[in-house]
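Trainee: Before I use any of the labels attached to this structure, I would like to test each one against its definition. Could you take me through them one at a time?

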Amino acid sequence: MSMESRQGRSVDPEVLLLRTDWSSVEHCCPNVAPATPVILRQLLDTAAGKQGAALRDLQQAVTHSNTFYSATAPAASFVAAILGDPRTLAEVTDQRQWEAADFGEEPRFLLRVGLLNWLGSTAWDANEESPDGRDADIQAFRTLRPTLYDAIQPFLTDEDLTIRDAALAAVLPMLASPELAHHAECLRDDVWALAANSTPYRQRAIDTLASWGEDITPFQRYRHTPDVRAPEEGCAEDPPF
């Protein structure tokens, strides 16, 4: 099934998958978690339950514990390309049934927001001086940043506030790329607004302003408060897929 991108071009997810030799790349748990192309296909399943499970597998297998794998960059390319697919507007949860039973059900969210959060958190990790993972895998993701930015940019003006905020938070770490640094000025007011509002992305916005040399004194009381949940948080060393 093909889809229409935000730019109006027809995009076939299967064609996107065929661009990568998935047998030559790996994620963290090849003998436990589904293969990466299986995870990616299920993101566009018609059942929200399978989509939520696929998002969890994406978070816990393809970038487990801040680690980059050879499957991380091609998976990110696929995720960016499907952001405009209507199926990413499904309301999902990445909780397992036992987690909901033991700790209570968390609010559902748009899969598109979850995918933007994954891209943004992964980009943030890629900017760290010594992130886990092989240098080549980290560099492969960093090379993608301009492409990822282009895919996310249309959602910066989305009519849905949760999508707008998630898109803005996702592109901020990508501005570390020299090719994208010039976008910072036009986003400055939006970042200030994100830092001022009680959103899951406040800490990321404040940290970004600080990195730009802005006076963040008005936000000192918010520093070190919980930010948007990183994909790997709450995962065991050997996640029970």
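Mentor: Let us begin with histidine 183, which is found in the loop between α8 (161-171) and α9, where helices are DSSP runs of H or I with at least four residues, strands are runs of E with at least two, and both are numbered from the N terminus. This is a predicted model, in which local features need pLDDT of at least 70 and side-chain atom pairs count only at pLDDT 80 or more, while totals for chains, interfaces and linings use all residues. Residues are numbered from 1 along each chain as its sequence is written, and side-chain values use heavy atoms, with hydrogens and water left out.

Trainee: What makes the approach of histidine 183 to tyrosine 149 a polar contact?

Mentor: A polar contact is a pair of N or O atoms within 3.5 Å, where within protein one must be able to donate a hydrogen and the other to accept it, and residues adjacent in sequence count only if both atoms are side-chain atoms. The side chains of histidine 183 and tyrosine 149 are joined at 3.4 Å. With histidine 182, the polar contact of histidine 183 is 3.3 Å and runs from side chain to side chain.

Trainee: Which residues is histidine 183 in contact with, leaving aside its neighbours within four places in sequence?

Mentor: Contact means heavy atoms within 4.5 Å, and on that basis histidine 183 is in contact with Tyr149 and Leu175. Alanine 184, found in helix α9 (residues 184-196), is in contact with Leu175 and Trp212 when its neighbours within four places in sequence are likewise left aside.

Trainee: Why is alanine 184 called buried?

Mentor: Buried means under 20% relative accessible area, exposed over 50%, and partly exposed in between, with a 1.4 Å probe and protein chains only. Alanine 184 has a relative accessible area of 10%, so the label is buried. Over the protein chain, 52% of the 241 residues count as buried.

Trainee: How many aromatic pairs does the structure hold, and what makes a pair edge-to-face or tilted?

Mentor: The structure holds 2 aromatic pairs. Rings of Phe, Tyr and Trp (its six-membered ring) pair if their centres lie within 6.5 Å, and planes under 30 degrees apart count as stacked, over 60 as edge-to-face and the rest as tilted. Phenylalanine 68 and phenylalanine 141 are 5.8 Å apart, centre to centre, with 65 degrees between the planes, and this pair is edge-to-face. Phenylalanine 68 lies in the loop between α3 (48-62) and α4 (72-81) and phenylalanine 141 in helix α7 (residues 135-152), so the pair ties together parts that are 73 residues apart in sequence. Phenylalanine 68, at 2% relative accessibility, counts as buried, and so does phenylalanine 141, at 0%.

For tryptophan 192 and phenylalanine 219, the ring centres are 5.4 Å apart and the planes stand at 45 degrees, so this pair is tilted. Tryptophan 192 is partly exposed at a relative accessible area of 25%, whereas phenylalanine 219 is buried at 6%.

Trainee: How do you know whether α3 and α6 are roughly parallel or roughly antiparallel?

Mentor: Axes are lines fitted to C-alpha atoms, for helices over the stretch in contact, and angles run from 0 to 180 degrees between N-to-C directions. Angles under 35 degrees count as roughly parallel, over 145 as roughly antiparallel, 65 to 115 as roughly perpendicular and the rest as oblique. α3 and helix α6 (residues 111-126) pack at about 5 degrees, with their axes 11 Å apart, and they are therefore roughly parallel to each other.
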